[in-house]
Amino acid sequence: MSTFKPQGRRSFLKSAAISAIALPFTSNAQAADCKAKRPTELFWGKHQSGITTPQQTNTYFIAFDMVSKNREDLIELLKRWTQASAQMMGSSEQFDLKTNPDLPPTSPGEAVGLSSAGLTLTFGFGPALFEKDGIDRFGISAQRPEALKDLPRFAGDQLLPEKCGGDLSVQACAYDPQVVEYAVRRLAKLANGIAVMRWAQMGFSGDFAPNQTPRNQMGFKDGTINVSGKDPKALDQFIWVGNEGPKWLQNGSYMVIRPIRISVEHWDEMKLSFQEETVGRHKASGAPIGKKKEFDPLGLDREDKDGNPIINENSHVALSAPENNGGAQILRRAFSYDNGIVKVAERWPPWRQVTTFDAGLLFQCYQKDPTLGFTRIFAKMAQIDMLNQFTTHVGSGLFACPPGAKEGEFIGQGLFI
């Protein structure tokens with residue numbers, strides 16, 4: 001194993017920028033290799049794309065609020081989004097301009113000449129879509145599942161209203177940031193007069209090999225313990241809604257999304273030993289403390305010669321482990337984000353106002369029941385996770401993601417039958 005060498009933020013950003021350069025600046029062999037890794041994803045199917053799809057390098061999440069109170073307008077919007085999504089995912093020709101000098105361009109034009117770059121589009125319905133201020137705007141209140149309700153407020157939450165909730169959610173993911181931005185702009189345009197944008201967050205991930213666990217901005221592997229998107233049995237057990245849910249949601253899932261600001265500058269000043277104790281894993285290998293390989297069992301019952309746990313009981317990995325949460329598991333699909341800089345109050349003495357990076361984790365996970373998934377796992381973590389001194393949850397959303405659609409149908413059609 002090679003020696004791990006921490007990379008400075010400036011070097012990291014430089015390498016990230018280089019990796020984002022368009023294909024014309026790479027060799028033909030490199031371009032061919034990139035294409036081989038990025039197949040076109042299918043829109044139609046039993047489940048929505050973008051859930052078990054191997055994680056791409058770029059995302060654009062956006063939530064909308066309905067301004068129309070007309071049920072038919074909601075259905076029309078979902079039909080428009082379905083048609084446009086199937087087109088964009090299926091062929092990059094949909095990115096091309098079809099010009100008429102007397103009309104606005106049919107496409108913003110920014111993605112002309114690009115491939116679909118493994119684009120996926122995933123849609124969700126928030127609790128307020130079913131009932132808002134006690135009003136059933138679209139005649140679907142009786143169809144709201146019990147599990148679809150606002151998440152509880154957790155210890156340490158500093159939620160910003162402008163980064164929470166929403167009637168509808170859309171998430172675009174692809175291997176090209178310009179493709180995801182294009183897709184969201186096109187879908188937003190189709191919502192004009194029916195829904196308005198509420199909040200959004202772009203995210204990114206390193207272009208790691210398919211068999212590598214991505215690293216987050218803290219430098220640790222993120223998602224080692226995760227439900228495999230290739231394990232049908234585990235997906236049925238933990239991710240896909242089954243007969244316990246309403247018929248319109250079966251084969252769908254619940255998505256939790258939480259922007260988490262990370263004090264990256266403060267973290268970068270911590271000793272490596274303290275970072276590893278906080279997370280509960282070795283930074284270089286990703287192995288549990290005291291072990292050699294990333295996927296070695298945690299061994300949370302191991303003790304040192306003085307009888308102390310080898311993995312700190314309040315470490316991130318110990319508190320999130322299935323064995324400490326009644327076997328609960330979720331499908332993590334988290335991205336990093338960086339919105340530039342922001343002025344905030346430090347969370348450690350002298351608690352001064354500082355200008356720091358507005359960066360962190362766009363945490364996202366899927367489960368068949370958020371009460372038995374995310375909420376069960378995070379409730380204790382929110383109180384005593386050692387990582388909390390570096391992280392702040394600033395946004396929150398819960399959305400029911402219906403199953404995939406068959407050709408001729410639209411997303412969420414079963415809700416309106």
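Mentor: In this predicted model, helices are DSSP runs of H or I with at least four residues, strands are runs of E with at least two, and each kind is numbered from the N terminus. By that naming, Asp133 has its place in the loop between α4 and β3.

Trainee: Why is Asp133 called exposed?

Mentor: The relative accessible area of Asp133 is 74%. Exposed means over 50%, and Asp133 is therefore classed as exposed.

Trainee: What makes the phi of Asp133 worth a remark?

Mentor: Most residues other than glycine have a negative phi. Asp133 is not a glycine, yet its phi is positive, at about 55 degrees.

Trainee: Which value does phi take in Ala117, and where is Ala117 found?

Mentor: Phi of Ala117 is near 55 degrees, again a positive value in a residue other than glycine. Ala117 is found in the loop between α3 and β2, the latter being residues 120-125.

Trainee: How do you know whether Ala117 is buried or exposed?

Mentor: Its relative accessible area is 9%. The limit for buried is under 20%, so Ala117 counts as buried.

Trainee: Asp102 also lies in the loop between α3 and β2. How do you know whether Asp102 is buried or exposed?

Mentor: Asp102 has 70% relative accessibility. Because the limit for exposed is over 50%, Asp102 counts as exposed. The C-alpha atoms of Asp102 and Ala117 are 31 Å apart in space, with the two positions 15 residues apart in sequence numbering.

Trainee: Let us turn to the helices. Why are α3 and α5 called roughly antiparallel?

Mentor: Helix α3 (residues 71-90) and helix α5 (residues 177-190) pack at an angle of about 155 degrees. Angles over 145 count as roughly antiparallel, and α3 and α5 therefore receive that description.

Trainee: What else describes the packing of α3 with α5?

Mentor: Two packed helices are described by the angle between their axes and the distance between the axes. Here the axes are 10 Å apart. In addition, α3 passes α5 in a right-handed crossing.

Trainee: Which residues of α3 and α5 meet?

Mentor: From α3 come Leu77, Arg80, Trp81, Ala84, Ser85, Gln87 and Met88, and from α5 come Tyr182, Ala183, Arg186, Leu187 and Leu190. By class, this contact has eight nonpolar, two polar and two charged residues.

Trainee: Phe64 lies in strand β1. Why is Phe64 called buried?

Mentor: The relative accessible area of Phe64 is 1%. As buried means under 20%, Phe64 is classed as buried. Beyond residues up to four places away in sequence, Phe64 touches a list of residues including Trp81, Asp167, Val170 and Met197.

Trainee: Asp167 lies in the loop between α4 (127-130) and β3 (168-174). What makes Asp167 count as buried?

Mentor: Asp167 has 1% relative accessibility. The limit is under 20%, so Asp167 counts as buried. Neighbours within four places in sequence aside, the contacts of Asp167 include Phe64, Asp65, Gly124 and Arg137.

Trainee: How do you know that the side chain of Asp167 makes a polar contact with Met66?

Mentor: The side chain of Asp167 reaches the backbone nitrogen of Met66 at 2.8 Å. A polar contact requires N or O atoms within 3.5 Å, and the pair of Asp167 and Met66 therefore qualifies.

Trainee: Gln56 is in the loop between α2 (28-37) and β1 (58-66). Why is Gln56 called buried?

Mentor: Its relative accessible area is 1%. Buried means under 20%, which places Gln56 in that class. The side chain of Gln56 reaches the backbone oxygen of Cys173 at 3.3 Å. Among the contacts of Gln56, not counting neighbours within four places in sequence, are Gly118, Thr120, Cys173 and Phe335.

Trainee: Gln217 is found in the loop between β4 (195-204) and α6 (232-238). What makes Gln217 buried?

Mentor: The relative accessible area of Gln217 is 17%. Since the limit for buried is under 20%, Gln217 is buried.

Trainee: Which backbone atoms does the side chain of Gln217 reach?

Mentor: The side chain of Gln217 reaches the backbone oxygen of Tyr337 at 3.2 Å and the backbone nitrogen of Gly360 at 3.0 Å. The limit for a polar contact is within 3.5 Å. Gln217 also touches Phe204, Val264 and Asp338, among others, when residues up to four places away in sequence are not counted.

Note on methods
Residues are numbered from 1 along each chain as its sequence is written. This is a predicted model: local features need pLDDT of at least 70, side-chain atom pairs count only at pLDDT 80 or more; totals for chains, interfaces and linings use all residues. Side-chain values use heavy atoms; hydrogens and water are left out. Axes are lines fitted to C-alpha atoms, for helices over the stretch in contact, and angles run from 0 to 180 degrees between N-to-C directions. Angles under 35 degrees count as roughly parallel, over 145 as roughly antiparallel, 65 to 115 as roughly perpendicular and the rest as oblique. A crossing is left-handed if the near helix is turned anticlockwise from the far one by less than a right angle, and right-handed if clockwise. Contact means heavy atoms within 4.5 Å. Ala, Val, Leu, Ile, Met, Phe, Trp, Tyr, Cys and Pro count as nonpolar, Asp, Glu, Lys and Arg as charged, and the others, Gly among them, as polar. Buried means under 20% relative accessible area, exposed over 50%, partly exposed in between (1.4 Å probe, protein chains only). A polar contact is a pair of N or O atoms within 3.5 Å; within protein, one must be able to donate a hydrogen and the other to accept it, and residues adjacent in sequence count only if both atoms are side-chain atoms.
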